[in-house]
Amino acid sequence: MSALGHYLEEEGLATVAISLIRPQTEKTKPPRALWVPFELGRPFGPPSDAAFQKRVVLAALRMLERRNGPVVIEDFPDDDPRATQDPTWRPPFGPAAVNARSADSLAARLEGEILQLQDAHERWVAQRRRTTVGLSGLPISECARYVADWLRGKAPPSPREGFSAPLILRFAVDDVKAYCLEAAAAGAAKPSSRQLGDWFWNESATGAAIHVLREVLQASDDDRLKLIVANFMVPAARVRSAG
Amino acid sequence: MTRLTDLPPAQAKRLAELECPDFATRPWATGSALSQRRVAIVSSAGLVVRGEDPFRGRDADYRVIPSTTRPEELLVSHISINFDRTGFQEDWNVVFPLDRLRELAAEGAIGSVAQTHYSFMGATDPVQMESHAREVAGLLKGDQVDAVILPPV
């Protein structure tokens, strides 16, 4: 981020920021920044495309040799080739007929779906040799149970010292989302983030459960819990109107 | 979705109009040719090595990411959920291009890669981060770093 560049540069370190939101960078006026026309979350562009990523890194680092500053903002010219949809991609299973809005039934379906995705997730880990599941510190089955129990109205205590129950709920939701999205991306196809997001938020039982969890917990008396579920579970672009 | 104009209008407006610090100074550090520089990554993606504490909300401090960190050990704990995580899930270089820096060092395009990298949580008020950022500057200089790339998320 551009403000960090300001502080580091004042300490004598040459910096170059990657900018995803050009208006913010123009306001902060960092010493050097390379604006990239990529989706938020992808500052170096497409995954699994080392040559493209290297061009971005090098374009940024070469700005360190400029003599025409301070405040040099340049634009990277090329779009992310992985931003397009892959018509060969198929979700791990068909739409989960998630019309039911009963919190109890959705809680059970969430736990069932996480079990159902286990094979696909194992394929993902074998293929990519990594998983980003792990923020909550809970095994995935316990993550699913923790989220499901909130949906059942149980308000389970935090299992992790130093982290409040609402914060662990947030991380557990992050973990089940990551698990589902990784499982859905296992295989040779190269789905765009939108394809994966459309499946998760519109078709999966887990996505439906998180939508309902957000709606249910906003009726809580706990302001901190309400803040977390309102803002940090369902992306703004995916929030649906209640009812 | 590749540009701000492709985002939902309310989100694009909020991001474009976000209050940003207005610094009074315009620092500018120069150095040797890129082929001689030692490069570090200072991310604002809320990165954390597995097993260490994720960022809690808008924590203003930083996390240490040793160069020996493996891809399966790095997690994103940024407070915002309004950005894509599937790219990072597939390939950590989308957010943390350590493999690319190693290749550039092997090719001679940069001098070397830092021993240690750092991450902040970018949604934090920059003013709250200042003392921590200056502390990181000292640590980077102790590692002979003279070039820093600052990726957001």
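In this predicted model, chain A is divided into two parts by the domain assignment, with domain 1 spanning residues 2-83 and domain 2 spanning residues 103-238. The C-alpha centres of domain 1 of chain A and domain 2 of chain A lie 32 Å apart, and the C-alpha atoms of chain A as a whole fill a box of roughly 65 × 45 × 35 Å along the principal axes.

The secondary structure of chain A comprises 10 helices and 3 strands, and a reader who follows the sequence meets them in the order α-β-α-β-α-β-α-α-α-α-α-α-α. Of the 243 residues in chain A, 50% are buried. Among the contacts in chain A with a separation of 6 or more, 64% are between residues 24 or more positions apart.

One helix pair of chain A can be followed in detail. Helix 4 of chain A, residues 103-116, packs against helix 6 of chain A, residues 140-151, with the two axes 9 Å apart and at an angle of about 170°. Angles over 145 degrees count as roughly antiparallel, and helix 4 of chain A and helix 6 of chain A are therefore roughly antiparallel to each other. On the side of helix 4 of chain A, the contact is made by A103(A), L106(A), A107(A), L110(A), E111(A) and I114(A), while helix 6 of chain A brings I140(A), S141(A), A144(A), R145(A), V147(A), A148(A) and L151(A). Sorted by character, the residues of this contact between helix 4 of chain A and helix 6 of chain A comprise 10 nonpolar, 1 polar and 2 charged.

From here the path leads to the contact between the two chains, to which chain A gives 72 residues and chain B gives 74 residues. On the side of chain B that touches chain A, the elements of chain B that give two or more residues are helix 1 (9-16), helix 2 (86-90), helix 3 (98-107) and helix 4 (126-142), together with strand 1 (38-43), strand 4 (74-76) and strand 7 (147-150). Helix 4 of chain B supplies the largest share of that side, with 8 residues. The residues on the side of chain B that touches chain A divide into 45 nonpolar, 13 polar and 16 charged.

Strand pairing also links the two chains: strand 1 of chain A, residues 15-19, runs parallel to strand 7 of chain B and is joined to it by 3 bridges. Within this pairing, V16(A) stands opposite I149(B), a residue in strand 7 of chain B.

Key:
Residues are numbered from 1 along each chain as its sequence is written. Chains are lettered from A and ligands numbered from 1 in the order in which they are written. This is a predicted model: local features need pLDDT of at least 70, side-chain atom pairs count only at pLDDT 80 or more; totals for chains, interfaces and linings use all residues. Two residues are in contact if their C-beta atoms, placed from the backbone, lie within 7 Å. Helices (H or I, at least four residues) and strands (E, at least two) are DSSP runs, numbered from the N terminus. Ala, Val, Leu, Ile, Met, Phe, Trp, Tyr, Cys and Pro count as nonpolar, Asp, Glu, Lys and Arg as charged, and the others, Gly among them, as polar. Two strands pair if DSSP finds at least two bridges between them. Axes are lines fitted to C-alpha atoms, for helices over the stretch in contact, and angles run from 0 to 180 degrees between N-to-C directions. Angles under 35 degrees count as roughly parallel, over 145 as roughly antiparallel, 65 to 115 as roughly perpendicular and the rest as oblique. A residue is buried if 20 or more other C-beta atoms lie within 10 Å of its own, exposed if 12 or fewer, and partly exposed in between; C-beta atoms are placed from the backbone. Domain bounds come from an automatic or database domain assignment.
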